[in-house]
Amino acid sequence: MAASGRSGSSSSFNSSSRGVPPQFDQNISPTDLTFTPTSAQYLTRWPSRKLYERTPNETTVFLGPWEVINTEPRRVVWQCSYAGEVLEHFLPSDHPTEVFPYTLHAQHRRFGDPREMELYLNFREPHRIRYATLNGVFHDEFIEVQYEFTTIESSIQFQGDIRSRDLIDWFDVDVVWSDNHRRTDSYGNIRGLGTIQRMKLWRDRYSTFHYITFYANHRRRWKEYLVHDFENEFRQRDDRHRRVQLNARGARRGSASESSHGQSRDRRFSASSIFRPRQNSSASHASSSSSSHSYQSGLDIRYLGIQFTRNDRFGNLAPVLEPASPADSGGTPQLCSGNKMKTIILSVNAGSSSVKVSVYSAERGASPSQLAECQVNGLTALPPTLDYSRDGKSVIKGQKVKGNATSQRDAFGILLKTLIEDDELPQVGGKDDIGIICHRIVHGGDYSRPQLITEDTYYHLEELNDLAPLHNANSLGIVQACIQDLPEARNVACFDSHFHSTIPPHIRTYPINPEIAKSNKLRKYGFHGISYAFITRESAALLGKKPDEVNLIALHLGSGASACAIKGGKSWDTSMGLTPLAGLPGATRSGSVDPSLVFHYASDVGKLSPASTKELHISRAEEILNKESGWKALTGTTNFASIAASDEPAMRLAFDLVVDRICGFVGSYYVSLHGRVDALVFAGGIGEKSDRLRRAVVEQLECLGFGLDDGANGRKLEGVIEDISRVNVKHKVLVCATDEQFEMARACAEDEEFWP
Ligand SMILES: Nc1ncnc2c1ncn2[C@@H]1O[C@H](COP(=O)(O)OP(=O)(O)O)[C@@H](O)[C@H]1O
Ligand SMILES: CC(=O)OP(=O)(O)O
Ligand SMILES: [Mg+2]
């Protein structure tokens with residue numbers, strides 16, 4: 001049965017609406033017959049369904065004003081509609097703050113006003129209810145208590161009274177997770193701490209402390225956090241996915257200093273190691289409030305991730321909580337959106353043999369302006385060298401890097417130190433000055449736009465490591481370093497594959513079993529796309545066309561080399577494929593070879609290489625083709641400048657082979673574009689610097705109507721892009737100092753989503 005009743009906070013009752021237990025004296029009269037429909041009213045349904053529901057004992061009780069009696073045990077005493085009728089609700093704890101009224105999530109009543117859910121209160125555990133009339137005690141049992149209020153205001157008042165904390169706001173959230181409770185499990189199922197819950201914001205009645213509560217349904221317990229225990233600013237805010245992260249105060253700095261004390265500096269971190277809590281990293285927490293109850297222990301987490309509900313009343317804008325400091329006098333947390341207008345962007349380009357970092361001063365929505373640029377080159381031809389320029393002027397040139405910097409992450413550390421220690425670069429006086437860090441991530445799978453790096457994005461990208469074995473894991477190593485050492489910054493992933501999302505199906509599809517191709521996502525993705533986007537814009541500007549009007553054959557020739565057919569400003573075809581191995585040969589990559597070749601190369605090619613790590617699983621076959629081939633295998637050097645300069649037979653062979661493969665792709669793309677080509681563009685370390693290679697390639701392409709001006713070709717490139725073609729040729733030849741860092745910084749600066 002369910003007893004239900006209704007009453008006002010005034011003592012006005014409507015006898016006609018009163019459900020009367022059958023065994024009650026039907027002649028008891030209400031204390032007041034002047035029912036006012038506008039008065040706040042409450043409805044309580046009890047006892048538990050198990051006992052009475054749909055039985056003759058089902059009872060409705062109309063409730064009047066309540067009073068919370070703080071003697072032990074604490075209880076709420078309700079005046080009911082009839083003289084002598086009293087309902088007592090015994091609270092489960094003598095501490096008001098240990099009482100948690102539960103409200104369903106708006107999703108449970110999709111078509112109603114989400115606010116209405118506050119009308120229905122219940123508790124997650126049975127409470128004792130004693131109900132007495134003039135005839136004696138009618139009921140005294142533990143039941144599932146449910147209240148139905150007739151106004152939201154009275155429900156809010158009631159919730160405040162039983163908790164001694166005023167309910168000041170609430171949010172419907174899809175999932176709440178923490179470093180201890182991942183958002184999804186390994187199958188991608190949503191887990192977290194709690195899902196589809198109503199999160200509530202409270203203010204203590206006896207102090208200025210604010211709290212958030214929610215029911216952690218996966219743990220079957222209530223969670224209450226002191227707002228002051230979290231940092232004032234949100235992290236990893238992602239308005240598109242309605243997500244934010246609340247960082248425990250001090251937790252990140254704690255972990256950062258831990259890492260700098262050697263524990264795991266040189267170790268490759270896995271996602272779990274950066275997102276999982278470490279010992280001693282729990283946040284400091286404010287001492288308990290001055291109220292009689294407690295806010296007991298410190299935080300057991302390093303952060304709380306919150307994903308707000310799509311149909312929450314705040315729409316797509318994840319609300320930002322600005323916690324009132326406990327020192328403030330009664331301040332109420334505000335809802336607002338961040339509005340930072342200027343920031344410093346660090347743009348990080350981890351290539352297979354180099355790391356390039358540029359610093360920009362950026363204004364929201366505007367093109368960023370470069371302050372400095374530094375790079376470590378030659379990671380595959382030790383010792384690597386450092387170059388640094390500020391305000392366009394060279395500060396350090398070709399300085400040998402001391403120590404054993406071999407990884408991209410080591411190189412990043414050196415570059416960051418160079419920037420921070422430069423007194424003449426006051427804009428980057430310390431790590432906290434950096435607001436946004438964009439990272440070039442070579443393989444972005446199906447991502448077709450840059451992504452804010454959240455825990456989810458990170459895990460997703462980790463899964464792609466094996467598809468770009470010389471790149472992705474290295475880039476994620478730098479992302480980890482940034483998350484740990486530059487906790488104030490937002491990290492954004494920009495993908496090399498993104499530009500190629502326009503490649504048509506007949507070009508991106510491999511002729512293999514379509515079902516397997518679909519389920520294993522085997523298709524041409526293409527890379528160097530950040531560079532091709534930059535090249536397209538710069539070429540269009542030089543040619544006096546709009547970017548979506550140009551047709552180009554672009555060559556990005558570095559330690560990894562590729563060609564791209566650009567039709568109407570979009571990628572039409574490119575030489576790299578599922579991974580950056582396909583197509584042109586690279587410094588240590590074979591490029592395209594007969595796929596059977598590797599099975600004749602060695603007998604153990606199917607086995608995992610001993611060089612595999614937890615983050616990167618690489619078979620011997622992949623290792624041979626990615627790391628033990630290319631012009632290094634032919635000549636012993638990865639330095640293409642020395643190959644181009646030499647007449648030694650092995651060097652000549654490598655040089656001619658590279659020229660041959662490049663011309664093969666250009667010829668093929670020329671036909672694919674029906675000969676409608678505005679220009680052939682050279683870019684990348686080799687494309688920009690090797691005039692010998694350009695000459696050899698263009699000589700072979702004379703038959704198609706390309707021709708070089710030898711003088712222009714021999715001169716050092718001064719600007720961003722230059723025309724080096726002979727006059728009166730059919731198609732132009734350009735050299736472009738491609739700038740992947742700028743392209744990423746521009747994309748981030750112009751996108752609201754990435755701004756704090
Ligand atoms: N003057 C030069 N002539 C020919 N090749 C050069 C010259 N300088 C650098 N390179 C080559 O450029 C390649 C590096 O290209 P780059 O695009 O900067 O690197 P990554 O592929 O790591 O992004 C190396 O193979 C290097 O040997
Ligand atoms: C995709 C690729 O090969 O990049 P890089 O040339 O920078 O190594
Ligand atoms: Mg590169």
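This is a chat about a predicted model of a protein with two ligands, their surroundings and one of its strands.

User: What does the protein have in the way of helices and strands?
Analyst: The protein has 19 helices and 33 strands.

User: And how much of the protein is buried?
Analyst: 48% of its 756 residues count as buried.

User: What share of the contacts join residues at least 24 apart?
Analyst: That share is 63%, taken among contacts between residues at least 6 apart in sequence.

User: Ligands next. Which residues come nearest to ligand 1?
Analyst: Gly351, Gly558, Ser559, Ala641 and Gly685 do, out of 18 residues around ligand 1. Two elements give two or more residues to that shell: helix 14 (640–645) and helix 16 (684–689).

User: Which one gives the largest share?
Analyst: Helix 16, with four residues.

User: What's the shell around ligand 1 like by class?
Analyst: It has 12 polar residues, five nonpolar and one charged.

User: Which domains does the shell around ligand 1 draw on?
Analyst: Domain 3 (342–495) and domain 4 (515–522 + 544–591 + 629–742) each supply at least three residues to it.

User: OK, ligand 2. Which residues are around it?
Analyst: Going along the sequence, Gly351, Ser352, Val442, Asp496, Phe527, His528, Gly558, Ser559, Gly560 and Pro580. By class, six of the residues in this shell are polar, three are nonpolar and one is charged.

User: Where does ligand 2 lie relative to the domains?
Analyst: Ligand 2 lies between domain 3 (342–495) and domain 4 (515–522 + 544–591 + 629–742), because both give residues to its shell.

User: Changing topic: strand 16. Why call it largely enclosed?
Analyst: Strand 16 covers residues 243–247, and five of the five are buried, so the rest of the structure largely encloses it.

User: Which residues sit on each side?
Analyst: Arg243, Gln245 and Asn247 are on one side, with Val244 and Leu246 on the other. Both faces are covered, as all of these residues are buried.

User: Why do they split up like that?
Analyst: Side chains in a regular strand alternate between the two faces of the sheet.

User: How many bridges join strand 15 to strand 16?
Analyst: Two, and the strands run antiparallel, with strand 15 made up of residues 235–238. Arg235 has Gln245 in strand 16 as its bridge partner.

User: And how many join strand 16 to strand 17?
Analyst: Five bridges join strand 16 to strand 17 (residues 303–308), and this pair runs antiparallel.

User: What stands opposite Arg243 in strand 17?
Analyst: Gln307 does.

Note on methods:
Residues numbered from 1 in each chain as written. Chains lettered and ligands numbered in written order. Predicted model: local features only at pLDDT ≥ 70, side-chain atom pairs only at ≥ 80, totals over all residues. Near = placed C-beta within 6 Å. Nonpolar A, V, L, I, M, F, W, Y, C, P; charged D, E, K, R; others polar. Domains from an automatic or database assignment. Buried ≥ 20, exposed ≤ 12 C-beta atoms within 10 Å, placed from the backbone. Contact = placed C-beta atoms within 7 Å. Pairing = 2+ DSSP bridges.
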